[in-house]
Amino acid sequence: MSVNSNSEPSRYDQKLELILRTSARIFAEKSFHSTTMRDISRATGVSLAGLYHYCKSKEELLFLIQDHCFGRVLERLEQRLSASSDPIEKLRIFIDNHLSFFAANMAEMKVLSHEADSLGGDLHAHVSNKKRQYTRRARKILSELQHTAPAATAARPARRNGRRRVTDSRRMDLTVATYALFGMMNWIYNWYDPGGKLSVTQLVDNITQLFLAGFLAREEAAFALAGPGMAEKISVWRTA
């Protein structure tokens, strides 16, 4: 989790990043409300007085974790999307940007998922505004993709059993689709091992294919997996 986008962060930024990363890990392990500033002081080796030099309270630490994460993800996303005009590619960029960032920041992902309502007042409003920006960006990409679907569907062979094609009135609700996508991506902190056999690229490809074409997708779909299927045994009930 980068606190400053500059290539040469200051000593202040480096120490703040250490504090935020350590705080995120402890919040993920113990929960925000069960963590004390003394816990963070012991884990970072920074005195309590030193901690209060970087933040006014434990709540401000949580705010900085969330604010920096959403800010960095949004910044990276807009940079990458500027080079593409294809809706499918935009969706893959969105998924890759999200998963590659949070695969490297799993504790932060858990904190963002579990402590979304632990902030109050202006801090909550500020983070909520960034989350809305991010959600609207995902919804816009899905809307663009949905509007290109009729042309793509018309080029496919007729469906079996004489079924009629899905009409505009039966399109997937964008709110459902948007939050379903986030649900798929945000659950990975509970089972995905960044150091395991499944690479981040393969994770991105599989989630992109699953979201766009479903579990029983045809092999000739418009996108390809990064590699062969993995034989690693996993459990949906694995805990973080």
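**Exercise 1. Which salt bridge do the side chains of R42 and D39 form, and at what N to O distance?**

Solution. The structure is a predicted model, in which local features need pLDDT of at least 70 and side-chain atom pairs count only at pLDDT 80 or more, while totals for chains, interfaces and linings use all residues. Residues are numbered from 1 along each chain as its sequence is written, and side-chain values use heavy atoms, with hydrogens and water left out.

Step 1. Apply the criterion: a salt bridge is a side-chain nitrogen of Lys or Arg within 4 Å of a carboxyl oxygen of Asp or Glu. R42 and D39 meet it, with N to O at 2.8 Å.

Step 2. Place the pair. Both residues are in helix 2 (residues 37-44), 3 residues apart, so about one helical turn separates them. Helices (H or I, at least four residues) and strands (E, at least two) are DSSP runs, numbered from the N terminus.

Step 3. Check exposure. Buried means under 20% relative accessible area, exposed over 50%, and partly exposed in between (1.4 Å probe, protein chains only). R42 is exposed at 57%, whereas D39 is buried at 13%.

Step 4. Look for further partners. R42 and D39 belong to a salt-bridge network that also includes K30.

**Exercise 2. Describe the chain as a whole.**

Solution. Step 1. Count the elements: there are 9 helices and 0 strands. The order along the sequence is α-α-α-α-α-α-α-α-α.

Step 2. Take the burial total. Of the chain's 240 residues, 40% count as buried.

Step 3. Look for disulfides, defined as pairs of cysteine sulfur atoms within 2.5 Å. The search of the whole structure finds 0. Among the residues that count as buried are C55, at 3% relative accessibility, and C69, at 0%.

**Exercise 3. How far apart are the end C-alpha atoms of helix 5, and does the helix lie buried or exposed?**

Solution. Step 1. Work out the expected span, which is 1.5 Å times one less than the number of residues. For the 17 residues of helix 5 (residues 87-103) this gives 24 Å, and the end C-alpha atoms are 24 Å apart, so the two agree.

Step 2. Count buried residues. In helix 5, 13 of the 17 residues are buried, so the helix is largely enclosed by the rest of the structure.

**Exercise 4. Find what F94 and R92 of helix 5 contact elsewhere in the chain.**

Solution. Step 1. Start with the rings. A pair of aromatic rings is described by the distance of the centres and the angle of the planes. Rings of Phe, Tyr and Trp (its six-membered ring) pair if their centres lie within 6.5 Å; planes under 30 degrees apart count as stacked, over 60 as edge-to-face and the rest as tilted. The count comes to 9 aromatic pairs. For F94 and Y134 the centres are 5.0 Å apart and the planes at 25°, so this pair is stacked. The pair links distant parts of the chain, with F94 in helix 5 and Y134 in helix 7 (residues 121-154), 40 residues apart.

Step 2. Check the two ring residues. F94 is buried at 0% relative accessibility, and Y134 is buried at 3%. Ring pairs link both residues with F70 and F182 into a cluster.

Step 3. Turn to R92. R92 forms a salt bridge with D205, with the closest N and O atoms 2.5 Å apart. R92 lies in helix 5 and D205 in helix 9, so the pair ties together parts that are 113 residues apart in sequence. R92 is partly exposed at 25% relative accessible area, while D205 is buried at 6%.

**Exercise 5. Which salt-bridge partner does K140 have?**

Solution. Step 1. The partner is E144, with the closest N and O atoms 2.7 Å apart.

Step 2. The two residues are 4 residues apart in helix 7, so about one helical turn separates K140 and E144. K140 is partly exposed at 46% relative accessibility.

Step 3. Set the pair in context: the structure holds 10 salt bridges.

**Exercise 6. Where does S31 lie, and what sign has its phi?**

Solution. Step 1. S31 is in the loop between helix 1 (11-30) and helix 2.

Step 2. The phi of S31 is near 85°, a positive value in a residue other than glycine. S31 is partly exposed, at 25% relative accessible area.
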